[in-house]
Amino acid sequence: MADLRDEKLSVDVEKDAASKTESGAASAHSGENKSPPWLRALLRWGVEERGIVPVPYEQRTDRQFYKIFFVWFSMNFNILSFSTGTLGPIVFGLSLRDTCLVILFFNLLACALPAYFNTWGPRTGMRQMVHSRYSFGYYGIMIPTILNLIGLCGFNILNSILGGQALASVSNNNMSWTVGIVIIALVALVISFMGYRVLNWYERLSWPPVLLAFIVALGVGGKHLYNAPSFSGEPPTAASVLSFASVIAGFVITFAAMASDFTMYYEPTVSSHKIFLYSYLGYVVPIIVLECLGAAAVMAAPNVPSWNDGYGTAGNIGGLLEAMLSPVGGFGKFLTVMLSLSVTANIACTLYSICFNFQVLVPSFSKVPRYVFSIVGTAISLPLSIVGAHRFYTALTNFLSLIGYWASAYGAILIVEHYYFRKGDFGSYDHSAWNDPKRLPWGAAAVAAGVLSFALVIPCMQQVWFVGPIGAKSGDIGFEVAFPLAGILYLPLRKLELKYQKCH
């Protein structure tokens, strides 16, 4: 009964939030009456309308704090995590042991940043990029927002490709990858369209079939897995280890830029340690387990003819998983369908955050209902998924390596602002200033710190299209350099900004 009461509170919060506009309404009832009939129908069906308007203190009443664990767990308990682990042996030439050690230690480190930013939502009632205006300013935040939109759309593209591949493999390739990608994208769009309540419901229910599929895959194929040496037989180099670590960090650290989007309805008095722990476990458990399993499976594939055929020369992860489950016949095909649908949990939440990023990027978009941008995000990602479907590994490696750089610098700037300049006091943020450029920081310090940090990040990069002089010797250490350097640069630049902003 307590759960039912808490769920009702959560729903009431959403209904209250959905009926408010940025300019403010006299009441939720009068606001709803002025809406067109189709909009009132959507709200009655439980569609969340609220965009980037912060949730007032008294309306942050959701006490089902455990839900944030399932949001992140389901988002990462899918075949994209599985496929990311395969990059260690396939792209970077690491053995299974070395791959798993990198996966373990760098995920334990990188997951802390997004888990921490989850704790800010209940305290501020703000979406992640709205809160970031208190460091980057009303206009300066548009730069991280553009980078975040690129990253979010990129994740949706990769997930759509993987889901489409897996779905097509069940039909013995009678269904094209394109059709599979379209089906996956549309399922995720429907979930995202509904908003907060339906998202949380779906994330709590979507993972058990995926768990069953992986347990069955291990049960019938576990005998083929072993502690394999690298394909080349060569020992690992520092460059290969650190470059793979950059990919691993890029996979998870960008969740920091969407973290509080899912916790802003929570009761403000909740323990930050509780939210951090739920979030941290929601990241590390599925990511570490599935990345290690992916590495083990792809290294065993050459020794198992059916796995090797399923994986093919194109690196078909869906085909590999279908081959692993093939010994159980029709049930295996059903489980492969469940695995293909696992990516919808990630795509739906990502589309949800994309909505708010569009509204922060173009403030006038805040007058457009949130769910419209779910459609826009799908329209952007879907054709790019179809075009990039046959270049998956190249896209995955380049994308995950690149996005970690900016997110690392972004996180450092927010932390320095909060702990050094605001003494860790959430009360120091003027919540009424969230949409007023004159009352927010200029943002010049944050933008300059982020941009200037790349003066050292770029020489530390090791990408297919560019290798810096430091990165050539050390491997890619761009994200490790970006975090401390951006934080250090922000200190004097922010002091200077405060001095002149107070004067003027």
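Trainee: How many cavities of 30 Å³ or more does the structure hold?

Mentor: Rolling a probe the size of a water molecule over the atoms shows where empty space is left. Here, in what is a predicted model, there are two cavities of 30 Å³ or more. Let's take the second largest, with a volume of about 40 Å³.

Trainee: Which helices each supply at least two residues of its lining?

Mentor: Helix 12 (142-170), helix 21 (343-361) and helix 22 (372-388) do. Helix 22 gives the most, with four residues. If you want to click through the lining of this second largest cavity, go to Asn156, Ser160, Ala185, Ile347, Leu351, Gly377, Thr378, Ser381 and Leu382.

Trainee: And what does that lining look like by class?

Mentor: Mixed: four nonpolar and five polar residues, with no charged ones.

Trainee: Now a single residue. Where does Thr254 lie, and is Thr254 buried or exposed?

Mentor: Find the loop between helix 16 (238-253) and helix 17 (272-300); Thr254 lies there. Its relative accessible area is 7%, and the cut-off for buried is under 20%, so Thr254 counts as buried.

Trainee: What does Thr254 touch, leaving out residues up to four places away in sequence?

Mentor: Asn148, Phe155, Ile403, Trp406 and Ala407. Then there's a polar contact to look at: the side chain of Thr254 reaches the backbone oxygen of Gly250 at 3.5 Å.

Trainee: How far apart are Thr254 and Leu113 in sequence and in space?

Mentor: Along the chain, 141 residues separate Thr254 from Leu113, while their C-alpha atoms are 9.1 Å apart.

Technical notes
Residues are numbered from 1 along each chain as its sequence is written. This is a predicted model: local features need pLDDT of at least 70, side-chain atom pairs count only at pLDDT 80 or more; totals for chains, interfaces and linings use all residues. Side-chain values use heavy atoms; hydrogens and water are left out. On a 1 Å grid over the protein atoms alone, a cavity is a set of points where a 1.4 Å probe fits but cannot get out, and a pocket is an open set with protein on both sides within 12 Å along at least five of seven lines; lining residues have an atom within 4 Å of a point. Grid points are joined across faces, edges and corners, and a volume is the space filled by probe spheres set on the points. Ala, Val, Leu, Ile, Met, Phe, Trp, Tyr, Cys and Pro count as nonpolar, Asp, Glu, Lys and Arg as charged, and the others, Gly among them, as polar. Buried means under 20% relative accessible area, exposed over 50%, partly exposed in between (1.4 Å probe, protein chains only). Contact means heavy atoms within 4.5 Å. A polar contact is a pair of N or O atoms within 3.5 Å; within protein, one must be able to donate a hydrogen and the other to accept it, and residues adjacent in sequence count only if both atoms are side-chain atoms.
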